[in-house]
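Student: I'm new to this one. Could you walk me through it, a bit at a time?
Tutor: Sure, ask away once you have it on screen.

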Amino acid sequence: TWHLKKIPQIVTERTFSLDSPKFEAKTKLELNSVCGIECQRKLPVPSLSDLKNLLSYETVFENGTRTLTEVNVLGAVPDPAGNTTTRRPSRRKRQIYGTDSRFSIYDKRFMTNFPFNTAVKISTGCSGILVSPRHVLTAAHCLHNGKDYVKGSKRLRVGLMKTKSRGNGRNRKETSDGMPSFQWTRVKSTHIPKGWFKGVSGDIALDYDYAVLELKRPHKRKYMELGISPTIKMMPGSMIHFSGFDNDRSGQLVYRFCSISDESNDLFYQYCDAEPGSTGSGIYLRLKEPNKKKWKRKIIAVYSGHQWVDINGEQQDYNVAVRITPLKYAQICFWIHGNDENCTQG
């Protein structure tokens with residue numbers, strides 16, 4: 001079941017203007033200096049001042065202006081994940097592990113219905129997921145490389161799936177190829193946590209590889225709610241699911257599910273088959289609502305892509321996802337609602 005958790009409060013302290021970004025960075029989809037599982041286990045629990053710094057955030061607006069919002073964090077309780085101690089043999093660099101277990105979704109009845117219709121395409125080449133009537137959750141590195149915003153993020157757009165059709169009016173016929181086309185919507189503003197920026201953490205902090213985009217107009221589609229990421233032990237079969245637009249299957253929506261191999265407080269390490277393009281997809285679970293017989297899907301992580309991590313002094317590759325912890329839930333929920341009244345129970 002989904003367990004209710006008391007959520008910390010993220011409170012705005014002050015907001016001030018920054019210079020407009022250059023928007024000149026190249027999109028980099030693979031990071032090589034990530035603090036791995038062993039390294040993360042040795043890290044101290046962040047202090048309150050660390051959290052305030054890491055969870056402060058930048059907002060970039062459609063006209064290129066930028067602000068920094070400093071926050072305070074109330075009621076934060078360190079919540080260690082109870083890391084597993086799985087050991088895997090080293091693998092060569094790859095994003096498809098063994099047999100390719102991805103499914104291309106062709107049938108428009110699935111493609112345009114929940115949960116597949118919540119997947120969106122980001123104009124910088126990534127995927128994302130609808131989390132409110134006008135917000136999209138994605139990976140921070142799809143928009144920012146740690147130093148500057150990537151080229152193309154100044155005129156950022158989000159592609160919502162629609163099935164192709166031929167003709168117009170009464171003569172319109174659905175094509176039989178089942179390939180989605182996109183209705184592109186402009187992005188009004190983008191929020192990225194300060195923890196993602198180089199200089200704050202000394203290097204890019206994969207733990208903060210998430211961002212929220214506010215659309216210029218509501219999309220009028222079903223979206224997926226946020227959930228707090230449970231530990232591996234609390235997941236049915238340790239299985240996760242996500243859909244995105246992998247580059248090697250152009251124009252197709254690609255779905256996959258797999259089990260998680262290991263976890264840290266902030267990250268899931270897994271061998272879900274995925275190619276670039278699916279980065280930023282929302283990872284979800286289906287669990288029972290408390291005291292009800294009803295099942296509900298919720299987003300519990302953001303797919304961050306293929307990364308090298310350091311384990312026992314060796315570089316090992318995984319496909320990595322950023323977990324939605326109570327703190328991240330509080331922040332993302334605050335970005336969506338503009339207040340914390342709707343974010344008290346995860």
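Student: Which residue in E12 is the bridge partner of Val136?
Tutor: Bear in mind that this is a predicted model. Strand E7 (residues 135-138) and E12 run antiparallel, with four bridges joining them. Follow the bridge from Val136 into E12 and you land on Leu213.

Student: Why is strand E12 largely enclosed by the rest of the structure?
Tutor: Look at its two faces: Ala211, Leu213 and Leu215 are buried on one side, and Val212 and Glu214 are buried on the other. In a regular strand, side chains alternate between the two faces of the sheet. E12 is largely enclosed because the number of its residues that are buried is five of the five.

Student: Are the rings of Tyr208 and Tyr210 stacked, edge-to-face or tilted?
Tutor: A pair of aromatic rings is described by the distance of the centres and the angle of the planes. Here the centres are 6.4 Å apart and the planes sit at 35 degrees. Under 30 degrees would be stacked and over 60 edge-to-face, so this pair is tilted.

Student: Which residue has its charged end over the ring of Tyr208?
Tutor: Tyr208 is buried, and ring pairs link it into a cluster with Tyr57, Tyr210 and Trp335. The charged end over its ring lies 5.5 Å from the ring centre and belongs to Lys328.

Student: Which element gives the most to the lining of the second largest pocket?
Tutor: That pocket holds about 240 Å³ of space. Strands E6, E13 and E18 and helix H4 each supply at least two lining residues. With four residues, the top contributor is H4.

Note on methods:
Residues numbered from 1 in each chain as written. Predicted model: local features only at pLDDT ≥ 70, side-chain atom pairs only at ≥ 80, totals over all residues. Heavy atoms only, no water. 1 Å grid on protein atoms, 1.4 Å probe; cavity = no way out; pocket = protein on both sides within 12 Å on 5 of 7 lines; lining within 4 Å. Points joined across faces, edges and corners; volume = space filled by probe spheres on them. Buried < 20%, exposed > 50% of the residue type's maximum accessible area, 1.4 Å probe, protein only. Pairing = 2+ DSSP bridges. Phe/Tyr/Trp six-rings, centres within 6.5 Å; stacked < 30°, edge-to-face > 60°. Lys NZ or Arg CZ within 6 Å of the ring centre and 35° of its normal.
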